[in-house]
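Colleague: I am new to this model. Please choose a single part of it and describe that part closely.

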Amino acid sequence: MDKVFDHPELGPVIIRKRTGLRRLSIRIDIKKRVILTIPYAVATAEGLAFLERKSDWVKKSIITITHKIEKKTIFSPETEFFTKSHRLVLIPESRTRMAVSIDADSLTIRYPESIDILHSEFQDFVRTAVEKTLTLEAKTIIPPLALAISKETNLPFKNISIKKVKSRWGSCSAQNNLNFSIYLMLLPDHLIQYVIIHELCHIKQKNHGPKFWALLDKLTDGKAKLLAKEMKNHSTRYF
């Protein structure tokens, strides 16, 4: 059974005694709880001494995790999370392994009811499933949309690729190949269209100079700067 030690600086520390372990370990979960795991044969006092030696590292790790959590979605059965075409559904069941199914309008994850959903293993599993869904959506939606806009604007591109990129929404190569991030599927429709037009403008203008913005403004009915500003309210980092 877990015990809780009230550390004067770190706050409540969950102490877990486990058989079959050889080493002491410390981790911080996504609720910023400090979890000290101690081999069954090791005295609790020795574990607490180990925690004390690592207290500076724990403090820094809590700060780091806090920053990450503020930018990420924490998934639970109560989480309302939607991609462009799918709703995330999390179902606890009497089972031993997690399972994923993707149908026309939902991404369903069934998982053992005994699992700690705040553990990084569960959260990472859900994120991987969401990314798979985003990839399927992006490959279905973006190419035909880009082709239609390309024909309408008379800005032909060579090839198009969809990738799991968090650093940028899209790009246009010197060879006029378009690249788009799967995370576009988390944006409203008008912003997806804006990103595609933005990259198509690079077919003619390879930089972000005045001529580029003039072309982009023309193709967005004078809303280029407004749409660019709106894009700043969205980020792949929260996911």
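Modeller: Two strands pair if DSSP finds at least two bridges between them; strands (E, at least two residues) and helices (H or I, at least four) are DSSP runs, numbered from the N terminus. The model is predicted, so local features need pLDDT of at least 70 and side-chain atom pairs pLDDT 80 or more, while totals for chains, interfaces and linings use all residues. Residues are numbered from 1 along each chain as its sequence is written, and side-chain values use heavy atoms, without hydrogens or water.

The part chosen is an open sheet of three strands, ordered β8-β10-β9, with mixed pairing. At its edges stand β8 (160-163) and β9 (170-172); each has a single partner strand, so one side of each has no neighbour in the sheet. On average, neighbouring strands are turned by 15° against each other, direction ignored. Four bridges join β8 to β10 (residues 178-181) in the parallel sense, and K163 stands opposite S181 in β10.

Two helices lie across these strands. Helix α3 (residues 120-153) lies across β8 and β10, at about 150° to β8 (axes are lines fitted to C-alpha atoms, for helices over the stretch in contact, with angles from 0 to 180 degrees between N-to-C directions). Helix α4 lies across β9 and β10, at about 155° to β10.

Helix α4 (residues 189-201) also meets α6 (residues 224-231): their axes come within 11 Å and cross at roughly 115°. In this contact (heavy atoms within 4.5 Å), H190, L191, Y194 and V195 of α4 meet A224, L227, A228, E230 and M231 of α6.
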